[in-house]
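Hi,

Here is the structure I promised to send over. Have a look at it first, and then read on for what turned up.

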Amino acid sequence: MDNKSIDWQEFTSDIVEQLIEDGSNEEAMYGIEHHFVAMTAEDADVAMQKGFLNGWDISELEQMEEEDGQIVFCFDVETECPLDEDIIDEEVAIMLEFASSHKLEYEGWGTHFEE
């Protein structure tokens, strides 16, 4: 994903709207996974350590092969919040800044349907 061409507020609005249309519980707390990609294991490691020092829950590092054969290193920052576009937009802004300052690409966020 090219972060500059993504309207993250629209991205968030679309996900929240779809969850609500599908009947997801608007009152529940949602686990949010913010997805990051690094080109090197070293860049990922430095960023993950900084995220940990920020007090964030960090997933395990995964090595993946892209369609073109390039190896990349992926991890998530996991948060929990209500299904509130303003709160999620604030988190996204923080994650975009984090990505920008740590040689990462922010690949968006995801969550799960809540009963």
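**Lys103 and its surroundings**

Let me start with Lys103, which is exposed, with a relative accessible area of 62%. Before going further: this is a predicted model, so please read everything below in that light. Lys103 sits in the loop between α3 and β5. Its backbone is worth a look, too: Lys103 has a positive phi of about 55° although it is not a glycine. As a reminder, most residues other than glycine have a negative phi.

On the helix side of that loop there is Ser100, which belongs to helix α3 (residues 85–101). Ser100 is exposed as well, at a relative accessible area of 58%; the cut-off for calling a residue exposed is over 50%. If you want a feel for the helix, the C-alpha atoms of Ser100 and Ile87 are separated by 20 Å, with their positions 13 residues apart along the chain.

Asp89 is also part of helix α3. Is Asp89 buried or exposed? Asp89 has a relative accessible area of 17%, and because buried means under 20%, Asp89 counts as buried. Not counting residues up to four places away in sequence, Asp89 touches Trp8, Gln9 and Thr12.

**The overall picture**

Stepping back, the chain has three helices and five strands, and reading along the sequence gives α-β-α-β-β-β-α-β. For 115 residues, a compact globule would have a radius of gyration near 13 Å, and the 15 Å of the chain agrees with that. The C-alpha trace spans about 40 × 30 × 25 Å along its principal axes.

Some totals you may want for your notes:

- Buried residues account for 36% of the 115 residues in the chain.
- Of the contacts between residues at least 6 apart in sequence, 72% join residues at least 24 apart.
- The chain exposes about 7100 Å², with carbon and sulfur atoms supplying 46% of that area.

As for annotation, the unreviewed UniProt entry places "domain: Regulator of ribonuclease activity B" at residues 10–111. In the model, that span is 41% helix and 34% strand, and its end C-alpha atoms lie 16 Å apart.

**Aromatic rings**

Now for the rings. How many aromatic pairs does the structure hold? There are seven aromatic pairs. In one of them, the rings of Phe36 and Phe75 have their centres 5.5 Å apart and their planes at 20°, so this pair is stacked. The pair links distant parts of the chain: Phe36 is in strand β1 (residues 29–38) and Phe75 is in strand β4 (residues 71–82), 39 residues apart. Phe36 is buried, with a relative accessible area of 1%, and Phe75 is buried with a value of 1%. Ring pairs also link a cluster made up of Trp8, Phe11, Phe36, Trp56, Phe75, Phe98, Tyr106 and Trp109.

**Val37, in strand β1**

Val37 lies in strand β1 and is buried, at 8% relative accessible area. Leaving aside neighbours within four places in sequence, the contacts of Val37 include Val72, Phe73 and Cys74, and also Lys103, the residue I opened with. Leu104 is another of these contacts; the C-alpha atoms of Val37 and Leu104 are separated by 5.6 Å, although the two residues are 67 apart along the chain.

**Two polar contacts**

Which backbone atom does the side chain of Ser59 reach? The side chain of Ser59 comes to 2.7 Å from the backbone nitrogen of Asp76. Ser59 is in the loop between β2 (57–58) and β3 (62–65), and at 16% relative accessibility Ser59 counts as buried. Beyond its neighbours within four places in sequence, Ser59 is in contact with Met48, Phe75, Asp76 and Glu78, so Phe75 from the stacked pair turns up here again. By contrast, the C-alpha atoms of Ser59 and Leu19 are separated by 24 Å.

The other polar contact involves Thr111, in the segment after β5 (104–110). A polar atom of the Thr111 side chain lies 2.6 Å from the backbone oxygen of Gly31. Apart from neighbours within four places in sequence, Thr111 is in contact with Leu19, Tyr30, Gly31 and Ile32.

That's the lot for now.

Cheers

Conventions. Residues numbered from 1 in each chain as written. Predicted model: local features only at pLDDT ≥ 70, side-chain atom pairs only at ≥ 80, totals over all residues. Heavy atoms only, no water. UniProt positions renumbered as here; feature names shortened; annotations may be inferred. Helix = DSSP H or I, 4+ residues; strand = E, 2+ residues; numbered from the N terminus. Rg over C-alpha atoms; globule rule 2.2 N^0.38 Å. Buried < 20%, exposed > 50% of the residue type's maximum accessible area, 1.4 Å probe, protein only. Contact = heavy atoms within 4.5 Å. Areas by Shrake-Rupley, 256 points an atom, 1.4 Å probe, with all protein chains shown as cover. Polar contact = N/O pair within 3.5 Å; in protein donor to acceptor, adjacent residues only side chain to side chain. Phe/Tyr/Trp six-rings, centres within 6.5 Å; stacked < 30°, edge-to-face > 60°.
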